[in-house]
Amino acid sequence: MTPSSRTRESTSGVSRRDAAKSVGVPSGMIKEYGHLLFVLPGLLFFLSVMVGPTMFAFVVSLTDWTGRGNAFEWVWFDNFVKALSHWPLYRAAINNLILFISILIFQHTIGLFIAVQLNEKPRFMEFYRAVLFMPVIISLVSTGFIWTLMLSSNIGFINPVLRDLGLGFLTSAWLSNPATALPTVIAVTAWNSVGWAIIIYVSGLQNVPEELKQAAQIDGANGWQTFRRVIFPQLSPSFTALTVLTFIGTFKTFDLVYVLTGPIGSPNFRTDVLGTLIYRTAFGASGNYSDEVSMSFAIAMALVVFLFMTVIAWLMIIFLRRREIQS
Amino acid sequence: MKKSMFRTIIAASILAATSSFALAQDKVNLTMWHNHPEWKDRVQAILDRFEEKHPNIAIQLEEISGTNYSARLNTALAAGEAPDLFGLNPGPTTAEAAAAGYNVDLTDRLDISGLTDSAKAAVTIDGRVYSAPILGSYTVGLYYHRKIFAEHGLTPPSNQTEFMALCDTLRDKGITPMIAPAQDGIIPSFLYAMMVSSVVGSDGFDAIRAGTRKFTDPDVVKAAYFLKDSFSCFQEGALATPYVEGKALFALGQGAMLEGGSADFAGFLETNPNVDVGVVPFPAVDGGTPATVTGMEAPYNINSKSEHIDEAITFLQWMMSEEPAQMVVDTITLTTTKGIVPSDNRVMKEMIEAGRSNDVRVFYELPETGAVFGVVQQNAAGLFLGDLSPEEFSEIVQAAVKPSGN
C-alpha cells in the first residue's frame, strides 16, 4: 500500500480491507478483480442490447417463424442450409463486394489525395474540411432522397445540366439503366463517405514526424519519393482503420440503397444488396401478401452475413496489422 | 357580498373543472393507422364527422407511407403494440392475422348486410368476418389526359394494337405516352393482372385459381408479351421512378396515360386541382376484352389487444353507413356500401362504368393467387430488360399459384 492510499484510507475512516471484510469478500479478490466493477455497467448494457438479442435471433433462426403470429415449428439448421444455397444472397453479396472494392479504391486514392492537399494547410482549409465532411453528417435517407431527385430522368437537374454543358451524350436514366444503376449507387456512396477518408488520413498525416520528411529531402528524395517511401508507410494505421471501416460500412449498407433504388434493388436486382435482401425477406417488398416473407430465414441470412463479416474483418485486421509492423 | 360572490366563482370553477375532467375521463381514444398519407385531410374530415356524432370517442389517426406500412404494422403486431384499428389486405393477409389471433372476430358483432356482395365476399374468410371495408374499394383502369387527347384528335385505346400505335403517335408528337412508376414493381403487377384478365375474363381467372387454366397457356402468355411491349411506352427511367413521383408526373401532365386506381384520383387533385382526366378499362390483348381490376382498400381490423373493442365496433359500423360512405366516394375512392353513388364526381362515375365490362379481383386478395402479385412485382423488370422471356416469366408466375383443385 502506498503512503497516499494509506492517507486516503485514514481520512475516510474505513479501509478498503475493512469494507471488503464487511461484505465478506476477500481483500485479495477485490485487489485482483475490483476494476471489473467499473466495466460492469457497460458490460451489462452490451449484454442486454447486443448479445441477448443476437442469441434470441439465433433461436428464432432455428424455427420457421414468418414474423406474423406465434405459430412456429423447429426447423433447426434448415434456414442456414437454405441460406447457403440461396442465389439471391450471393447476388446481393457480389453487389456489396463491388461496392466495397470501388469505395475502397476511391477512398485510398481520391480521399488520400484530398487529405494530402488539406494537410498542406491551404487558405480556407477549415471551410474545405467542413464542406467535404458535411455529407457524412447528413442522414443517409436525406442523402438518398436528394440524390434521387437530382438523378431523376423526369425532374432531376443532372441530365439537363449535362446537356447544357454540351455533354448530352453522357446523360442517362441513371438509376433505371442496368449499366449505370450500380455505378450510380457507388458514386453516391463515395460522395457520402469520402469525408471519413479525409478525416482519418488528415489525422494520420498530422502524426507523421516532420524530421522524417526533412531527412528524406536532405537525402535528395523528391516530393513523390518522400510521399511514397516516407509518408505513406507512416499512414499504415489509417489505411488499416479505413479499410476495415469501409468493409463493414459497405457490407451493411441499406438505407441509401433502399431510398435510391427501392426494396427490390431496381432495375431487376442490379443494385440489390444484402441489407435490402434481408429487409425484403423479413418484411416484404410491399404491403401485399408474399410467400417469400420469412423473418426466421431473414435472420438466418443476417447471421450468416454477420459471421462472414466477423471472420473477414478479423483476417483483415491481422493482415493489415502485420503490414503496419513491416512498414 | 363580495365574499359570497368569490365563493360562488370558486365553486363554479371547481365544478366546471371536475365535470370536464370527468368528461375527459369518459372519452375513449382509439388509435388508427392508415397507409395513404396523401388522403390524410379527407380521412380526417370523415373522422371529424364521426366524432361530432360520437363525442365520447376520439380517433387518433396516424398516417404511414405505404412502403413502410406493412413492416411497421407486422413489427407492432408481433410486439403487441399495434393500434386499436389497423388496415390489412383481405384474403391471405387477414387470414394469417386471424390465425395469429391479432384481430377480433367480428362475426355477428358487425352488421355487414349493407355492403355490396363483392365486399362481403372479400371480408369473409371461411364464413367468419374479421374486418370492415370502411374506406371503400378501388378499381384500376387506364387514366388519360382528356386535354392531350382532344388537342391531338386521339381516342383512348381499347386493344394492344391500338395502344402500341397510340404510343408511337404520342412519342412522335414529343409526348411521353405513359407514366409508369415501376420502381417497386406494383404498377407492372396491376398491368399484368389486367392483361391476363383481358384474355381469360373472370371465368378464366376462376379457372386459373382452380388449376384448370395456367399462366403458361399459350393464349395467356400473350399477356406477358403485351406487358413486355408496353415497357417501350413508359417514361424514361420508369424502373427507378417511385410511385408518388409517377403519380405527380401524370397529374402535372408530363405523360398522356397512367395505369391507376380510383383511389389515385384524390392524389391527382392534391397535386393539380385543375387536372382533367378520363378513365377507361385497360386495353385488351388483341382478341380479348378490355379489363379492370378491383380490390378492397385495406379493410379495417380491430386489435384483439384493444381495451376498447366495443367503441371500435361502433366506429366500424358507423363508417359503413350512408353518410361516411358518401364522403368516401365523393372525396377518396369507390364505396363498398350498397346504393351509394358519387354525387358529383365524373371520374368516379367513369371508373364505375369502366369496371362493368370485364372486372376481376386483384391477385393478392385470393388464397390461390395470393403470392402471384408479389412474384410479378419482383420479376416484371426482368421481363422488361430481356433477362426473362415472356415464357420464362409466365413459368415463374405459374409456380406461385396454389390451385384450389389440388
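What radius of gyration does chain B have, and what value would a compact globule of 406 residues have? Chain B has 24 Å, which agrees with the value near 22 Å for a compact globule of that length, where the radius is taken over C-alpha atoms and the globule rule is 2.2 Å times the number of residues to the power 0.38. This is a predicted model, in which local features need pLDDT of at least 70 and side-chain atom pairs count only at pLDDT 80 or more, whereas totals for chains, interfaces and linings use all residues. Residues are numbered from 1 along each chain as its sequence is written, chains are lettered from A in the order in which they are written, and side-chain values use heavy atoms, with hydrogens and water left out.

**Chain B as a whole**
- Chain B holds 16 helices and 12 strands, which are DSSP runs numbered from the N terminus (helices H or I, at least four residues; strands E, at least two).
- Along the principal axes, the C-alpha atoms of chain B fill a box of roughly 95 × 55 × 35 Å.
- Of the 406 residues in chain B, 57% are buried, meaning under 20% relative accessible area, with exposed over 50% and partly exposed in between (1.4 Å probe, protein chains only).
- Among the contacts in chain B with a separation of 6 or more, 77% are between residues 24 or more positions apart, a contact being heavy atoms within 4.5 Å.

**Strand β8 of chain B**
- Strand β8(B), residues 257-261, is largely enclosed by the rest of the structure, because five of its five residues are buried.
- Met257(B), Glu259(B) and Gly261(B) are buried on one side of β8(B), and Leu258(B) and Gly260(B) are buried on the other.
- β8(B) pairs with β6(B), residues 137-145, in the antiparallel sense over five bridges, and Gly141(B) has Gly260(B) as its bridge partner; two strands pair if DSSP finds at least two bridges between them.
- With β7(B), residues 178-179, the pairing of β8(B) is parallel over two bridges, and Leu258(B) is the bridge partner of Ile179(B).

**Helix α7 and Lys213 of chain A**
- Helix α7(A), residues 125-137, bends by about 25° at Val131(A), with Pro135(A) following within four residues; the bend is the angle between axes fitted to the seven residues ending there and the seven starting there.
- The buried residues of α7(A) are Met125(A), Pro135(A) and Val136(A), and their cover includes α6, α8 and α10 of chain A.
- Lys213(A) lies in helix α11(A), residues 210-218, and counts as buried because its relative accessibility is 15%.
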